[in-house]
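Colleague: Could you take a close look at one buried polar site for me, and then set it in the context of the other contacts you find? I would like a connected account rather than a list.

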Amino acid sequence: MWNSYFMPDYDAIISTPVGLIGICTRDDAVTQIDLNLSPVAEIKARSRVAAATVDFLHSYFETGRWSANTPLQLSGTAFQQRVWRSLLAIPAGDVVTYGELAARLKSSARAVGQACRRNPSPIVVPCHRVVAASGLGGFSGATTGVMSDIKRRLLHHEGVDL
């Protein structure tokens with residue numbers, strides 16, 4: 001999610017069923033996806049990878065199909081990178097708990113949650129598919145409000161109701 005003090009130079013901004021999404025790219029790879037943008041205008045894709053990501057997102061929202069082949073260049077710690085790679089292996093329509101993912105990575109649920117919170121490319125790196133043992137869990141650092149609603153809508157779109 002972007003903040004009002006700094007708005008990235010987006011390579012595309014598109015309207016989706018979960019609101020406006022901004023896409024940043026560098027060197028033919030996605031570096032950042034921002035959700036819940038407002039108020040901004042849509043921007044046509046300014047690069048090949050931005051156009052491919054726009055196509056991917058439109059297809060995802062039309063069909064629910066998702067694939068992990070978007071070129072990514074994400075900044076984060078080695079542990080965050082491990083978590084984000086693990087997220088790419090979770091198929092659409094499936095969820096795992098923070099604890100289950102932590103056990104796979106030999107870590108803690110809290111550390112996994114923090115890495116998900118810092119995911120610079122939500123939807124493309126599907127952190128919304130990681131849930132709490134007792135329900136929805138957080139999304140982009142929020143457990144209520146707009147971001148929580150977006151997580152619930154993404155999961156519902158994929159056939160998961162929590």
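Modeller: In this predicted model, the side chain of R129 makes a polar contact with the side chain of E158, at 2.8 Å. The pair also qualifies as a salt bridge, with the closest N and O atoms of E158 and R129 lying 2.8 Å apart. The two partners come from distant parts of the chain, since E158 sits in the segment after helix 5 (146–157) whereas R129 belongs to the loop between helix 4 and strand 5, 29 residues apart. Both E158 and R129 are buried, and for R129 the relative accessible area is 0%, which is why this residue is classed as buried, the cut-off being under 20%.

The same arginine side chain has a further polar partner, in that the side chain of R129 reaches the backbone oxygen of I90 at 2.7 Å. Leaving aside residues up to four places away in sequence, R129 touches Y60, W66, I90, P91, A92, G93, D94, V95, V96, L155 and E158. As for its place in the chain, the loop that holds R129 runs between helix 4 (109–117) and strand 5 (130–131).

To set this pair in context, it helps to go through the other salt bridges, of which the structure holds three in total, the E158 and R129 pair included. In another of them the side chains of D9 and R46 meet, with an N to O distance of 3.3 Å. D9 lies in the segment before strand 1 (12–16) and R46 in the loop between strand 3 (29–37) and helix 1 (48–63), so this salt bridge ties together parts that are 37 residues apart in sequence. D9 has a relative accessibility of 63% and therefore counts as exposed, whereas both E158 and R129 are buried.

The remaining pair to describe is R48 and D28, whose side chains meet in a salt bridge at 3.7 Å, again N to O. This pair, too, links distant parts of the chain, with R48 in helix 1 and D28 in the loop between strand 2 (19–26) and strand 3, 20 residues apart. R48 counts as exposed because its relative accessibility is 57%, while D28, at 47%, counts as partly exposed.

Turning back to helix 4, which precedes the loop that holds R129, one can follow how this helix packs against other helices. The axes of helix 2 (residues 78–88) and helix 4 come within 9 Å and cross at roughly 80°, and the two helices are therefore roughly perpendicular to each other. On the helix 2 side, this contact is made by F79, Q80, V83, W84 and L87, and on the helix 4 side by A111, V112, A115 and C116. Helix 3 (residues 98–105) also packs against helix 4, their axes coming within 8 Å and crossing at roughly 105°, an angle that makes helix 3 roughly perpendicular to helix 4. Here the contributing residues are Y98, G99, L101, A102 and L105 of helix 3, together with A109, V112, G113 and C116 of helix 4.

Finally, strand 1, the strand that follows the segment holding D9, is mostly covered, with four of its five residues buried. Strand 1 and strand 2 run antiparallel and are joined by five bridges, one of which pairs T16 with G19 in strand 2, and a hairpin of two residues connects strand 1 to strand 2.

Conventions: Residues numbered from 1 in each chain as written. Predicted model: local features only at pLDDT ≥ 70, side-chain atom pairs only at ≥ 80, totals over all residues. Heavy atoms only, no water. Buried < 20%, exposed > 50% of the residue type's maximum accessible area, 1.4 Å probe, protein only. Polar contact = N/O pair within 3.5 Å; in protein donor to acceptor, adjacent residues only side chain to side chain. Contact = heavy atoms within 4.5 Å. Salt bridge = Lys/Arg side-chain N within 4 Å of Asp/Glu carboxyl O. Pairing = 2+ DSSP bridges. Axes fitted to C-alpha atoms, helices over the stretch in contact; angles between N-to-C directions. Parallel < 35°, antiparallel > 145°, perpendicular 65-115°, else oblique.
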